[in-house]
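This briefing introduces a structure to a reader who has not met it before. Please look over the sequence and the model before reading the points below.

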Amino acid sequence: MLPGMVSDSSAQVNAARAPEVVPEDAQLLAALRSGDERAFVTLVEQYHMSLVRLAQTYVSSYAVAEEVAQETWLGVLQGLHRFEGRASLKTWLFHILTNRAKTRGQREGRSIPFSDLWHIDDEPSEPAVEPERFRAAEPWLGHWAAPPQRWDHVPEERLLSQETRAHIDAAIAALPSTQRLVVMLRDIEGLSSGEVCDMLGVTESNQRVLLHRARSRVRAALEQYFSEA
């Protein structure tokens, strides 16, 4: 076989083995790797506050969370050439942040691995919805007595107001740390259940329990808020 043919064959094998970058990340990744400062600034503007919020789940203060976020951006710059595209750029970014925040939290004596922090058997046996909201007698045993409120009567401007957003943020901040972390990653940052499970080292069923309970608590807080109108 001619040397050129061997080279072509090897190149084809290597190309087949190389993971593909998520299509929507390809252009941005190319710009980042070429040293395009505007692309990096865009990335920072888009995700910096998300990184800080996520870091606050692991560390003692906003100031420390800000430091962890800054360390994450440095890690991104140092690791761009190693990024293989097996996950989205966003997920990779959150992985770096989570690892650095865990390390910082452990150094402060404040954080332990998520999978050690929570287990479904340790979760309080509180119901996601108050039992009194269901009928306790036949023929409608278990059916809604007080179903979840519809919010179509709430003016759109109130639903979208800064005050409502502040109540949502406060409800999320009041959640147990494990529930808060899962609902932030799933419902605020838009990660998939698989990505969250991989990032936190929990099973799909455990992730689902945490997410359901977090959403139920936030919804209950919003129901109370809208009922006060």
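Over which residues does pLDDT stay under 50? The structure is a predicted model, and the stretch in question is residues 1-19. For residues 1-19, the model has 3 contacts beyond four places in sequence.

**Confidence**
- The protein chain has an average pLDDT of 79, and 72% of its residues score at least 70.
- Among the elements of the protein chain, the lowest mean pLDDT, 38, belongs to helix α1 (residues 3-17), while α4 has the highest, 94.

**Aromatic pairs**
- Searching the whole structure yields 4 aromatic pairs.
- One of them joins F40 and W73 in an edge-to-face arrangement, with 5.7 Å from centre to centre and 85° between the planes.
- This pair links distant parts of the chain, as F40 belongs to helix α3 (residues 37-56) and W73 to helix α4 (residues 62-79), 33 residues apart.
- Both F40 and W73 are buried.
- Y225 and F226 also form an aromatic pair, which is tilted, with 5.1 Å centre to centre and 40° between the planes.
- Y225 and F226 are both buried.

**Surroundings of T72**
- Helix α4 also contains T72.
- T72 counts as buried because its relative accessible area is 0%, and the cut-off for buried is under 20%.
- Apart from its neighbours within four places in sequence, T72 is in contact with L51, L93, I96, L97 and R100.

Conventions: Residues are numbered from 1 along each chain as its sequence is written. This is a predicted model: local features need pLDDT of at least 70, side-chain atom pairs count only at pLDDT 80 or more; totals for chains, interfaces and linings use all residues. Side-chain values use heavy atoms; hydrogens and water are left out. Rings of Phe, Tyr and Trp (its six-membered ring) pair if their centres lie within 6.5 Å; planes under 30 degrees apart count as stacked, over 60 as edge-to-face and the rest as tilted. Helices (H or I, at least four residues) and strands (E, at least two) are DSSP runs, numbered from the N terminus. Buried means under 20% relative accessible area, exposed over 50%, partly exposed in between (1.4 Å probe, protein chains only). pLDDT is the predictor's confidence in each residue, from 0 to 100. Contact means heavy atoms within 4.5 Å.
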